[in-house]
Amino acid sequence: MDKKVTLAQLKEVVQEAYDQVKTNTGGKNADYIPYLANVNKDLFGISVCLLNGQTIHVGDTDYRFGIESVSKVHTAILALRQYGAKEILDKIGADATGLPFNSIIAILLENDHPSTPLVNAGAISACSMVQPIGDSAKKWDAIVGNVTDLCGSAPQLIDELYKSESDTNFNNRSIAWLLKNYNRIYDDPDMSLDLYTRQCSLGVTALQLSIAAGTIANGGVNPVTKKEVFDATLAPKITAMIAAVGFYEHTGDWMYTSGIPAKTGVGGGVMGVLPGQFGIAAFAPPLDGSGNSVKAQLAIQYIMNKLELNVFSNNHITVVD
Ligand SMILES: NC(=O)CC[C@H](N)C(=O)O
């Protein structure tokens, strides 16, 4: 069913979601990365990017927060661009782990396979694959350039977060070297881990993330800059990965209750992709027990349900003047 909504009606729904969720006090900031524990817990913003490039934003959508695991999507796209869909499936995979994002057991259970670029193991593996192999500075330029193209503007490294995370990422160090043991790291393990840690420390806004989501929803063409960032054939691949594991061990519950493939990060960001319709992002630091922003989840669920949209239904909206 195709439903016509005006931009004003859509704005009203986003504003309602914001008003309903703003006072929620559930969850708490990530504290295993010291920087994140100190971010203002009351920050909250929602941004929607339509495929004609219009954006709707409410709340703190210009605040730069740590992109964290949402960056896994961006770098998976870069790896897909550089290697193609088949090689990424063979070398990393596109599977759900059903386990927490930083699980070591998942690597062992999957016969040494990192499962997907959207959990820590696969993301470190993806960073190792970024070309040119062996050149950390050029790899970093490629990672940042790709994030910039997807978001339509540049991210900024949050130095304090990078330092905080580098000083405490012992679990990820184990993952990098375990993967090396299984020949699943395709460059120097310490360099690959450092690139991963640095990309997680990029500061982005909810507005930027909604544009990145809009680029995926729009088949690889950035709706705002109109630049073709990646080939349209890769869009369903990356969305399939997000749908399979975007909320880690709670991905099934998330898809069931929200109907939108979305990826979370412990900085409090969530980025959702509704193919052919829009990209959405919400940001609020307090997290549930699995590291997913409580308010961002509620806000996106509210909007999807209110508009009666679902990636598994036949409902569409057309935004009219
Ligand atoms: N879920 C996340 O956002 C985790 C990202 C964080 N940089 C980590 O590796 O632990």
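Let's start with glutamine 301, which counts as buried because its relative accessibility is 16%, and the cut-off for buried is under 20%. Keep in mind as you look around that this is a predicted model.

Where does this residue sit? Glutamine 301 is part of helix H14, which covers residues 294–306. Now look at what surrounds it. If you skip the neighbours within four places in sequence, glutamine 301 is in contact with Trp254, Thr257 and Ser258. Thr257 deserves a second look: the side chains of glutamine 301 and threonine 257 are joined by a polar contact of 2.9 Å.

Next, let's move over to the ligand. Which residues are around the ligand? Going along the chain, you'll find Tyr32, Glu68, Ser69, Phe101, Asn120, Glu165, Asn172, Tyr196, Cys200, Tyr248, Gly265 and Val266. Sort that shell by character and you get six nonpolar residues, four polar ones and two charged ones.

Some of these residues are worth zooming in on. Glutamate 68 has a polar side-chain atom 2.6 Å from a nitrogen atom of the ligand. With asparagine 120, an N or O atom of the side chain is 3.0 Å from an oxygen atom of the ligand. Valine 266 brings in its backbone instead: one of its backbone N or O atoms lies 2.8 Å from an oxygen atom of the ligand. And how much of the ligand does the protein cover? On its own, the ligand has 290 Å² of accessible area, and the protein covers 98% of that.

Conventions: Residues are numbered from 1 along each chain as its sequence is written. This is a predicted model: local features need pLDDT of at least 70, side-chain atom pairs count only at pLDDT 80 or more; totals for chains, interfaces and linings use all residues. Side-chain values use heavy atoms; hydrogens and water are left out. Helices (H or I, at least four residues) and strands (E, at least two) are DSSP runs, numbered from the N terminus. Buried means under 20% relative accessible area, exposed over 50%, partly exposed in between (1.4 Å probe, protein chains only). A polar contact is a pair of N or O atoms within 3.5 Å; within protein, one must be able to donate a hydrogen and the other to accept it, and residues adjacent in sequence count only if both atoms are side-chain atoms. Contact means heavy atoms within 4.5 Å. A residue is near a molecule or strand if one of its heavy atoms lies within 4 Å of it. Accessible areas come from the Shrake-Rupley method with a 1.4 Å probe; for residues, only the protein chains shown count as cover. Ala, Val, Leu, Ile, Met, Phe, Trp, Tyr, Cys and Pro count as nonpolar, Asp, Glu, Lys and Arg as charged, and the others, Gly among them, as polar.
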